[in-house]
Amino acid sequence: MVDLRFKAIIWLHSLRLWRYRYSFINMALNSTLWVTIFLLGALMFMPKEELHVGMPLAFWGIAMWTIMSNSVWLIGAWTNFYISQGFVEEHMLVNISSANVLVGRVIPGLSVSTVAIILIYFILSAITGGVTEIARHPAMLIIGLLLLTIMSLSYGLILASISFRTGVPMVLLDLSNFIIFIIGGIATPVSILPTPIRTIAIIIPYSHPAEIVRYGAIGFETYLPLSFEMILSILIALAMSLTALKMIRKAEEYVRKHGVKAIGRM
Amino acid sequence: MVGIMDVLRAQTFSTIAWFKNNRLMFAAMFIWPYLMVGMILALGTLYGSVEEYSKKVEVSNPALYLLASSVVAMSSIGIVDGVAGFTLYNRWLGTLPYILMSPVRTPILLMVAGLPEALITSFITISAILPATLYFEGLIGVGKSFIVYGFIILGMLPMLGFSSLVASLLLIVKEESNILSSLIPFILLVSGVFYPLEILPRVLQLISRIVPTTYIINATKIVASYYTPEFKGILLIMYAIASLAIVYNLMSFTVLGKAEKAVKRGGAI
């Protein structure tokens with residue numbers, strides 16, 4: 001039975017991805033184009049002779065932000081749709097956890113991020129003459145990206161669980177994404193950030209897998225020792241995913257008693 | 001008899017009511033230009049320097065230019081979203097067939113329905129940057145902001161036709177996905193909203209010539225770069241905008257008419 005439910009959720013999200021394939025391409029293009037506009041603006045601040053150093057840093061910063069923001073949007077914003085269509089109640093009636101359905105959003109989330117990152121890479125290479133280095137330590141790069149994805153997914157689920165109980169304005173999601181990108185050690189390595197912001201960046205969970213990703217991709221030394229960053233990132237990812245699952249279960253219990261509230265404009 | 005004025009009045013009322021019911025969104029519109037500029041400035045200064053930006057983009061006050069460009073960007077989003085989005089949102093809501101059956105001719109309805117929202121949105125965003133322009137350049141800066149607003153309104157003429165073409169495409173293409181959300185950043189990308197067009201590949205530079213926003217951005221750059229903006233340059237840009245307005249509006253009337261017939265024959269949803 002569990003296996004069948006698992007298959008059904010995978011099938012649901014894969015089928016939706018195929019059914020809304022133009023939406024999927026559109027989402028990937030949309031992310032890519034917005035990111036390119038901002039990045040090109042920011043690259044105008046960089047002297048031409050420093051582009052070869054700055055470009056890979058900028059590319060990986062943007063790639064990580066794409067994973068992070070897509071996870072938040074594709075879970076957070078989809079929850080709005082899920083709730084407003086009355087799917088929470090419908091899934092409850094057939095004894096399927098909404099948490100599991102929402103976790104399945106990782107399928108479209110990662111698909112959109114992957115296509116967007118590839119597109120960003122090609123666009124940036126065409127415009128600036130090439131992002132020279134992309135994987136100096138492939139294993140570290142994969143581990144870093146995996147931990148970042150788990151954290152993003154957990155954050156998306158935490159938001160979803162909150163939105164089951166109270167309205168979360170989407171504008172705030174946008175704001176928090178921007179702020180985390182700049183001061184959370186995503187856009188640039190923690191060591192490059194000004195001292196007071198550096199302290200904040202260390203507190204933000206994403207900064208630790210981001211440091212591992214940059215080390216794996218271009219060999220940029222991590223701010224804290226690499227082994228410490230690894231242990232810390234694994235522990236944070238574990239804590240975040242457990243918190244997310246606990247919160248979404250609690251939210252489901254709450255919904256059974258009190259009903260749901262939607263997010264966004266509603 | 002229901003006419004254009006009734007549509008404009010109804011849509012103005014609808015826009016104001018929407019803002020009244022979405023106060024947080026309304027407040028966010030005052031923050032957005034600063035957020036966009038803040039992100040570019042923060043990212044840019046981490047990678048390089050403001051002086052380098054001034055040199056490359058050829059503007060004397062990057063912050064002011066970036067703010068004005070953000071307003072142009074948001075206004076362009078507003079007009080495309082207002083005009084073309086009107087078709088899409090009504091299709092989603094299931095009200096498009098009723099709108100198509102209303103006494104006002106569909107091409108006129110689709111062209112003017114998004115106008116109040118676009119005008120109100122751009123006025124709000126230009127008002128949002130007034131404190132910054134006052135801080136940077138005093139009353140002259142405020143005056144420049146209103147000149148930029150004038151360009152935005154002028155730029156709406158070709159954008160109206162352009163957006164109507166998109167609206168007719170949305171009518172014909174029976175796909176509920178929002179192709180608009182990719183079109184808007186693409187327009188901004190080829191307009192060189194925060195960077196010089198020369199850095200784009202040749203093919204995108206060619207496309208930029210037929211995108212009205214490119215000319216509004218150029219005019220903004222001239223206004224933001226000089227204490228007394230060069231009149232000749234601005235006049236040339238106005239000619240280009242006027243030419244595009246004629247071409248796009250003529251095209252849109254023809255295409256919208258055909259799209260209306262196609263939709264009434266085959267169904268709107």
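Visitor: Which residue follows H10(A), and what is its phi?

Guide: A:Gly219 comes directly after H10(A), and its phi is positive, near 75°. This is a predicted model, and every value in this conversation is computed from it.

Visitor: How is the length of H10(A) to be judged?

Guide: Set the end-to-end distance against the span expected at 1.5 Å a residue. For the twelve residues of H10(A) the expectation is 16 Å, and the end C-alpha atoms are 16 Å apart, so the two agree.

Visitor: How many residues of H10(A) are buried?

Guide: For burial, count the other C-beta atoms within 10 Å of a residue's own; 20 or more make it buried. By that test twelve of the twelve residues of H10(A) are buried, and the helix is mostly covered. The buried set includes polar and charged side chains as well, among them A:Ser207, A:His208, A:Glu211 and A:Arg214. As for confidence, H10(A), residues 207-218, has the highest mean pLDDT among the elements of chain A, at 92.

Visitor: Which element of chain A has the lowest mean pLDDT?

Guide: That is H8(A), with 73. The chain as a whole averages 82, and 91% of its residues score at least 70. Residues 262-266 of chain A stay under 50, although the model has 13 contacts for them beyond four places in sequence.

Visitor: Is A:Asn177 buried, exposed or partly exposed?

Guide: A:Asn177, which is found in helix H8 of chain A, has 17 C-beta neighbours inside 10 Å and therefore counts as partly exposed. Leaving out residues up to four places away in sequence, A:Asn177 touches A:Ser69 and A:Val72. A:Val72 is 105 residues from A:Asn177 in sequence, yet the C-alpha atoms of the pair are 8.6 Å apart.

Visitor: Which residues of H11(A) are buried?

Guide: Start with the geometry of a helix. An α-helix has 3.6 residues a turn, so residues three or four places apart point the same way. With that in mind, here is the list for H11(A): A:Glu229, A:Met230, A:Ser233, A:Ala237, A:Met240, A:Ala244, A:Met247, A:Ile248 and A:Ala251. The helix covers residues 226-258, and its 33 residues should span 48 Å; the end C-alpha atoms are 47 Å apart, which agrees. A:Gly259 follows H11(A), with a positive phi near 85°.

Visitor: What span does H6(A) reach from its first C-alpha to its last?

Guide: H6(A) reaches 32 Å, close to the 33 Å expected for its 23 residues at 1.5 Å a residue. The buried residues of H6(A) include A:Val112, A:Ala116, A:Ile117, A:Ile120 and A:Leu124.

Visitor: Which residues touch the most other members of the largest nonpolar core?

Guide: In this core of 151 residues they are A:Met64, A:Leu148 and B:Val80. Helix H7 of chain B, residues 115-172, gives the largest share of the core, 18 residues. Take A:Leu148 as a case: beyond its neighbours within four places in sequence, A:Leu148 is in contact with A:Met64, A:Ile67, A:Met68, A:Tyr206, A:Pro209, A:Ala210 and A:Val213. Of these partners, A:Pro209, A:Ala210 and A:Val213 are buried residues of H10(A).

Visitor: How many residues of chain A and chain B are in contact?

Guide: The count is 32 residues of chain A against 36 residues of chain B. On the chain A side, helices H2 (21-43), H3 (51-84), H6 (106-128) and H8 (170-183) each supply at least two residues. H2(A) gives the most, with 14 residues. By type, the touching side of chain A divides into 23 nonpolar, seven polar and two charged residues.

Visitor: How many helices and strands does chain A have?

Guide: Eleven helices and zero strands. To judge compactness, compare the radius of gyration with the globule rule: chain A has 19 Å, close to the 18 Å given for 266 residues, so it is as compact as a globular protein of that length. Its C-alpha atoms fill a box of roughly 60 × 40 × 35 Å along the principal axes, and 49% of its residues count as buried. Among its contacts between residues at least 6 apart in sequence, 81% join residues at least 24 apart.

Visitor: What is the radius of gyration of chain B?

Guide: Chain B has 19 Å, which agrees with the value near 18 Å for a compact globule of 269 residues. Chain B has eleven helices and zero strands, and 45% of its residues count as buried. For chain B, 80% of the contacts between residues at least 6 apart join residues at least 24 apart.

How values were computed. Residues are numbered from 1 along each chain as its sequence is written. Chains are lettered from A and ligands numbered from 1 in the order in which they are written. Two residues are in contact if their C-beta atoms, placed from the backbone, lie within 7 Å. Helices (H or I, at least four residues) and strands (E, at least two) are DSSP runs, numbered from the N terminus. The radius of gyration is taken over C-alpha atoms; the globule rule is 2.2 Å times the number of residues to the power 0.38. A nonpolar core is a set of buried Ala, Val, Leu, Ile, Met, Phe, Trp, Tyr and Cys residues joined through C-beta atoms within 7 Å. The expected span of a helix is 1.5 Å times one less than its number of residues. pLDDT is the predictor's confidence in each residue, from 0 to 100.
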